[in-house]
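Visitor: Hello! I would like to learn how to read a protein structure, step by step. Could you guide me through one?

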Amino acid sequence: NDGFSWTTGLNGTWYIGTNLVSLSNEDFNYGGFRLISNLGSPGQNNTPLVRVEEGQPLGLLWGLTYNGITEDGNWDFADLNGDGEINDSDESVIGNGLPDFQLGWNNSFTFGDFDLNFFFRGVFGHELINTFRAFYEAPNQITSYNLMAGSEDIKNLVDAPRFSSFHVENASFVKLDNATFGYNVPLGGNASFSRVRFYVSGQNLLTFTGYQGVDPEVRFVDSNDGNPLAPGIDLRNTYFRTRTVTVGVNLGLK
């Protein structure tokens with residue numbers, strides 16, 4: 001009404017559940033499961049991160065369950081088998097790297113000679129292994145790297161932190177992927193142009209998430225080797241996404 005309009009569209013994608021049918025064949029018998037991917041060097045090459053198992057969904061993040069810091073400054077992990085020792089036998093599923101669903105919400109407004117368009121996108125239900133924290137929040141171990149600010153919360157001075165559920169975070173997010181605001185200049189019949197529009201446009205404008213790493217986007221593969229059986233690993237080669245703002249003018253010739 002009176003030159004105002006709003007067009008909106010909502011779309012959703014629900015991810016179908018996965019089930020790994022078989023790992024073994026005539027040449028290889030893995031006993032029904034494999035532990036794959038690892039934190040890597042320095043010093044973490046024997047730290048597997050993902051378990052693939054017959055009859056189970058893909059994306060199982062694997063490790064110790066973190067309970068907190070003891071009074072004497074040691075890390076406390078769940079002793080799942082009750083043998084009084086913390087070792088590989090106490091590892092279990094501590095997350096899943098694949099999302100449950102995602103949503104997209106597009107909006108277009110016009111009011112007189114002004115227009116506004118923006119698009120929100122959200123992905124929900126996935127976890128990420130924050131490898132930055134696993135490497136750089138170990139204050140008594142790091143001698144040649146900068147410490148992350150979160151290391152101030154690591155109070156232990158006895159043991160080196162071990163990979164666990166402490167480093168697995170909920171990475172659900174909502175992003176304002178893009179927005180454009182424009183103004184169409186009213187033109188008279190003697191104008192040299194049929195259209196003059198000024199606009200400002202932005203990409204990657206806002207991110208709402210509880211994830212503490214660089215980017216909460218889903219990692220569908222292990223980027224070290226492209227392995228699609230190992231989603232959910234935010235490796236240290238992740239760099240910050242660029243936010244861009246563009247100012248321009250559209251001219252229409254008669």
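**Reading salt bridges and surroundings**

Guide: Let us start with one pair: the side chains of Asp215 and Lys175 meet in a salt bridge, with 3.1 Å from N to O. Asp215 sits in the loop between β13 (193-209) and β14 (233-234) and Lys175 in strand β12, so the pair ties together parts that are 40 residues apart in sequence. Please keep in mind that this is a predicted model.

Visitor: Are Asp215 and Lys175 buried or exposed?

Guide: Both Asp215 and Lys175 are buried.

Visitor: What is the general idea behind such a pair?

Guide: Side chains of opposite charge can pair when their charged atoms come close. In this structure there are nine salt bridges.

Visitor: How far apart are the closest N and O atoms of Asp177 and Arg121?

Guide: They are 2.6 Å apart, and the two residues form a salt bridge. Asp177 belongs to strand β12 (residues 173-184) and Arg121 to strand β9 (residues 114-124), so this pair ties together parts that are 56 residues apart in sequence. Asp177 and Arg121 are both buried.

Visitor: Which residues are linked in a network of salt bridges?

Guide: The network links Arg121, Lys175, Asp177, Asp215, Glu217 and Arg241. You have already met Asp215 with Lys175, and Asp177 with Arg121.

Visitor: May I see one more pair?

Guide: Of course. Asp234 and Arg219 meet through their side chains in a salt bridge, at 2.8 Å from N to O. This pair links distant parts of the chain: Asp234 is in strand β14 and Arg219 in the loop between β13 and β14, 15 residues apart.

Visitor: Why does Arg219 count as buried?

Guide: A residue is called buried when its relative accessible area is under 20%. Arg219 has 13% relative accessibility, so it counts as buried. Asp234 is buried too, with a relative accessible area of 0%.

Visitor: Where is Leu206, and how is its accessibility read?

Guide: Leu206 is found in strand β13. Its relative accessibility is 41%, so Leu206 counts as partly exposed. Leaving aside neighbours within four places in sequence, Leu206 is in contact with Val174, Lys175 and Leu176. The C-alpha atoms of Leu206 and Asp177 are separated by 7.3 Å, although these residues are 29 residues apart along the chain.

Visitor: What does Ser92 touch?

Guide: Not counting residues up to four places away in sequence, Ser92 touches Leu61, Trp62, Gly63, Thr65 and Leu80. Ser92 lies in strand β7 (residues 92-96), and at 18% relative accessibility Ser92 counts as buried. Its C-alpha atom is 5.6 Å from that of Gly63, with their positions 29 residues apart along the chain.

Visitor: Now the whole protein, please. How many helices and strands are there?

Guide: The protein has one helix and 15 strands. Among contacts with a separation of 6 or more, 68% join residues 24 or more positions apart. Buried residues make up 38% of the 254 residues.

Visitor: What can the radius of gyration tell me?

Guide: Compare it with a reference value. A compact globule of 254 residues would have a radius of gyration near 18 Å, but this protein has 25 Å. Along the principal axes, the C-alpha atoms fill a box of roughly 90 × 45 × 30 Å.

Visitor: How many positive and negative side chains are there?

Guide: There are 14 positive and 29 negative side chains, and the centres of the two sets lie 15 Å apart.

Note on methods
Residues are numbered from 1 along each chain as its sequence is written. This is a predicted model: local features need pLDDT of at least 70, side-chain atom pairs count only at pLDDT 80 or more; totals for chains, interfaces and linings use all residues. Side-chain values use heavy atoms; hydrogens and water are left out. Helices (H or I, at least four residues) and strands (E, at least two) are DSSP runs, numbered from the N terminus. Buried means under 20% relative accessible area, exposed over 50%, partly exposed in between (1.4 Å probe, protein chains only). Contact means heavy atoms within 4.5 Å. A salt bridge is a side-chain nitrogen of Lys or Arg within 4 Å of a carboxyl oxygen of Asp or Glu. The radius of gyration is taken over C-alpha atoms; the globule rule is 2.2 Å times the number of residues to the power 0.38. Lys and Arg count as positive and Asp and Glu as negative; His and the chain ends are not counted. The place of a charge is taken as NZ of Lys, CZ of Arg, CG of Asp or CD of Glu.
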